[in-house]
Amino acid sequence: MAEAERIIGTPDIPDAAGDGQERADAEQERSPERPRGRRRIAVLFAVAALAYALDLTSKMIVVAKLEHQEPIEIVGDWLRFVAIRNAGAAFGFGEAFTVIFTVIAAAVIVVIARLARKLYSLPWAIALGMLLGGALGNLTDRIFRAPGVFEGAVVDFIAPKHFAVFNLADSAIVCGGILIVILSFRGLDPDGTVHKD
């Protein structure tokens, strides 16, 4: 009997233990990635929430205190706060396409939400958070402000000299876009990998 066991081997007890150890090692290697991914998603939504809250609060103040009032000079005539309603895209472009810009903003939000599942890069989380917060800020105006749902005019108020009037949502979108261009140029992907062409 002992000879038969030696030739055939015992029924998978050592191998099972070995498999279990390998499985545990694999789980241990993967487990740091899961919390890290969750933290990046948390950063994305925290940045988005901050950008959205700042934009929404600033617009509420502008509508309550500045609309139908004289512009406020912040830095001489180089920078003023003046309340305007913008039916177009960022910086006043394309006022005839309000509904299209609303659909684009909604699509951007959906794409960012789907991309968040594969997000392991902190810089990408910040960039996408700024884009998400800015898109939500302007989309809120398009849905809830006059003249109607999906055709609402966005509240703009930051007016530099010789430049279009914009708001904090526009600023967040532009800053997030610039950061994405830089990250892409440096070869950093949203999943945290670095590639070089």
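Here are a few notes on the salt bridges and the sheet in this predicted model.

1. Let's begin with the charged pairs. How many salt bridges does a search of the whole structure find? The count comes to five, and three of the pairs are picked up below, together with how buried their residues are.

2. Asp55 and Lys59 make one of these salt bridges, with 2.8 Å between the closest N and O atoms. Both residues sit in helix α3, which covers residues 33-65. They are four residues apart there, about one turn of the helix. Are the two partners buried or exposed? Asp55 has a relative accessible area of 0% and so counts as buried, and Lys59 is buried too, likewise at 0%. If you're going to look at one charged pair by eye, you could start here.

3. Asp141 pairs with Arg145 in another salt bridge, and here the closest N and O atoms are 2.8 Å apart. Asp141 is buried, with a relative accessible area of 2%. Arg145 comes out at 18% relative accessibility; the cut-off for buried is under 20%, so Arg145 counts as buried. Which residues do shared salt-bridge partners join into one network? They are Asp55, Lys59, Asp141 and Arg145, so this point and the previous one belong together when you go through the model.

4. Glu67 and Arg85 form a salt bridge as well, their closest N and O atoms being 2.7 Å apart. Glu67 is in the loop between α3 and β1 (72-75), while Arg85 belongs to strand β2 (residues 79-86), so this pair ties together parts that are 18 residues apart in sequence. The burial values for the two ends are worth having side by side: Glu67 is buried at 17% relative accessible area, whereas Arg85 is partly exposed at 36%.

5. Now for the sheet that Arg85's strand belongs to. Three strands make up an open sheet, ordered β1-β2-β3, with antiparallel pairing. Which strands are at the edges? Those are β1 and β3 (154-160), each of which pairs on one side only. On average, neighbouring strands in this sheet are turned by 35 degrees against each other, ignoring direction.

6. A last detail on the β2 and β3 pairing: the two strands run antiparallel and are joined by six bridges. For a landmark when you're lining them up on screen, take Arg80, which stands opposite Ala159 in β3.

Conventions. Residues are numbered from 1 along each chain as its sequence is written. This is a predicted model: local features need pLDDT of at least 70, side-chain atom pairs count only at pLDDT 80 or more; totals for chains, interfaces and linings use all residues. Side-chain values use heavy atoms; hydrogens and water are left out. A salt bridge is a side-chain nitrogen of Lys or Arg within 4 Å of a carboxyl oxygen of Asp or Glu. Buried means under 20% relative accessible area, exposed over 50%, partly exposed in between (1.4 Å probe, protein chains only). Two strands pair if DSSP finds at least two bridges between them. Axes are lines fitted to C-alpha atoms, for helices over the stretch in contact, and angles run from 0 to 180 degrees between N-to-C directions.
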